[in-house]
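This report addresses selected features of the structure shown below. It covers one helix, a contact between chains and two backbone angles.

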Amino acid sequence: MLKIILGLYAPSSGTVRIWGEPPWKGRERIGYVPQFRTFDFSYPITVREMVLSGRLSRICGAWKRFTTADRRAVEEVLERLALAPLADRPIASLSGGEQQRAILARALVGKPDILLLDEPTVFIDAPTEVQFFDLLDDLRESLTILLVSHDIGVISRRVTRVACLNRTLHTHDTPEITEDMLEATYHCPVDLIAHGLPHRVLKHPWEGGGR
Amino acid sequence: MDLGILSSGFFQNALMAAVLSSVACGIIGSYVVVKRMVAVSGGISHAAFGGVGIGYLLSVDPFGSALAFTSLVGLGIGIMREKAHQEIDTLIGAVWAAGMALGVVCISLAPGYAPDLFSYLFGNILLVPSQDIPLMAIFSLIVVLVVVFLYVPLQAVTFDEEYARVMNLPVSGLSLLLLLMVALTVVMLIRIVGIILVIALLTLPAATVRSYVSRLPEMMVASVALSLVLSLGGLFLSYAWNIPSGATIILLATLVYGVSLALSRLPISGGGGGGTGSGRS
């Protein structure tokens with residue numbers, strides 16, 4: 001879905017317009033956080049270099065020389081996401097949460113109007129996930145955030161609008177995810193669990209535990 | 001050892017060839033390792049044998065035809081992957097074997113017989129002719145210039161291809177350029193270690209230094225230096241012991257890689273393996 005918006009895949013029917021522009025043009029105003037680990041973290045690149053690559057779509061010319069403005073934008077976003085002390089470290093030496101912040105920094109350094117996040121917390125642990133969503137809450141003031149997640153219980157406290165997708169898109173102007181909404185999406189009765197609390201462990205009658 | 005050999009013409013050619021090919025080998029080898037293009041490079045180098053065969057059949061310089069043929073194969077692999085959505089593994093397998101097969105058929109059809117087939121397959125740095133040295137210098141210069149000028153876009157494409165596309169970089173063109181430079185480097189290295197052994201010389205130095213560097217330029221410089229040491233070391237050992245130079249260079253490279261790997265796994269190196277520790281400057 002997000003990759004169609006970004007123009008990485010062509011839609012089988014219909015067209016994508018971002019502020020009236022085709023995706024390849026409109027995506028200059030989009031920050032993109034791909035699913036974790038779509039690239040090789042052992043690549044010899046520092047945090048600063050990786051974040052700098054988020055400015056590439058703003059640079060004209062085949063050689064892609066970075067300007068002082070690019071470098072200043074990188075330092076600002078490193079500072080904002082508390083990555084400045086790690087700037088010269090290779091990304092391989094970061095923890096999972098730090099790597100995720102570096103990916104977010106790369107998406108934000110182009111000063112986008114929309115931030116697309118694709119399952120951003122799949123590979124990080126629960127406390128880091130809470131920190132990550134706190135960070136997104138801070139960003140909400142300055143840009144639109146579109147987040148794709150399968151973890152409906154955890155995100156429902158944080159979002160302002162919900163769109164459920166299973167062939168058809170159902171949008172709802174409410175942060176609540178109700179059973180009706182899910183039934184409309186999945187075309188079958190749905191039991192909604194773990195709603196309203198950030199974290200809850202459910203016990204199955206015949207099993208020891210599980211979420 | 002009789003050091004009078006140092007002043008002989010063919011030995012000086014060998015030294016020049018080692019220096020020039022190490023430059024391209026270290027730089028392109030770094031991309032090959034970080035972008036995981038090892039198998040593609042292997043396919044391209046074996047396809048070069050087809051180019052050598054065509055050269056014999058048409059009575060043109062086998063290295064010229066090998067260069068043209070490997071470039072076409074490199075472009076072909078890149079285009080097929082993009083347009084025909086073929087699995088890259090399948091393409092590599094096809095190119096790998098078909099290139100060798102084409103070479104064998106062409107050489108059997110060619111008039112006369114091919115006396116130095118062995119040196120195409122396993123290389124002989126001592127047989128590099130003088131007229132090849134300026135050509136190797138030009139190839140190395142091309143590689144250096146392309147990488148210096150296109151460093152940023154090439155890094156973006158080799159690091160995260162999808163993101164480079166989102167950043168509106170010409171990803172397909174840059175990937176093809178990279179494959180072309182691999183083809184160019186492979187043909188140069190065939191002179192040194194031969195078609196079958198190229199892949200090891202291209203990847204082992206870069207793989208060895210990888211755990212000691214934190215940035216791509218450091219990796220390139222370090223693997224150029226290591227390639228040079230390995231080529232020269234192998235050359236001297238092969239002369240001293242009177243054994244084939246290409247195979248000596250590769251065995252030396254493998255030995256250094258193995259020792260380096262063992263050292264970086266030892267607990268005394270900081271506990272985390274060289275890769276994470278070295279970057280904290």
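## Helix H7 of chain B

In this predicted model, H7(B) is largely enclosed by the rest of the structure, because seven of its nine residues are buried. The buried residues are B:Pro153, B:Leu154, B:Gln155, B:Ala156, B:Val157, B:Thr158 and B:Phe159. They pack against five helices of chain B, namely H1 (9–34), H6 (132–149), H8, H9 (171–193) and H11.

## Contact between chains A and B

Chain A contributes 23 residues to the contact, and chain B contributes 26 residues. On the side of chain B that touches chain A, two or more residues come from each of the helices H7 (151–159), H8 (161–166), H11 (216–241) and H13 (274–277). The composition of this side of chain B is 14 nonpolar, six polar and six charged residues.

## Positive phi angles

Most residues other than glycine have a negative phi. A:Trp19, which is not a glycine, nevertheless has a positive phi of about 50°. This residue lies in the loop that joins helix H1 (2–5) to helix H2 (23–26) of chain A. A:Trp19 has 9 other C-beta atoms within 10 Å and is therefore exposed, the cut-off for this class being 12 or fewer.

In chain B, the non-glycine residue B:Asn242 also has a positive phi, near 55°. B:Asn242 is placed in the loop between H11 and helix H12 (245–265) of chain B. It counts as exposed because it has 6 C-beta neighbours inside 10 Å.

Conventions
Residues numbered from 1 in each chain as written. Chains lettered and ligands numbered in written order. Predicted model: local features only at pLDDT ≥ 70, side-chain atom pairs only at ≥ 80, totals over all residues. Contact = placed C-beta atoms within 7 Å. Helix = DSSP H or I, 4+ residues; strand = E, 2+ residues; numbered from the N terminus. Nonpolar A, V, L, I, M, F, W, Y, C, P; charged D, E, K, R; others polar. Buried ≥ 20, exposed ≤ 12 C-beta atoms within 10 Å, placed from the backbone.
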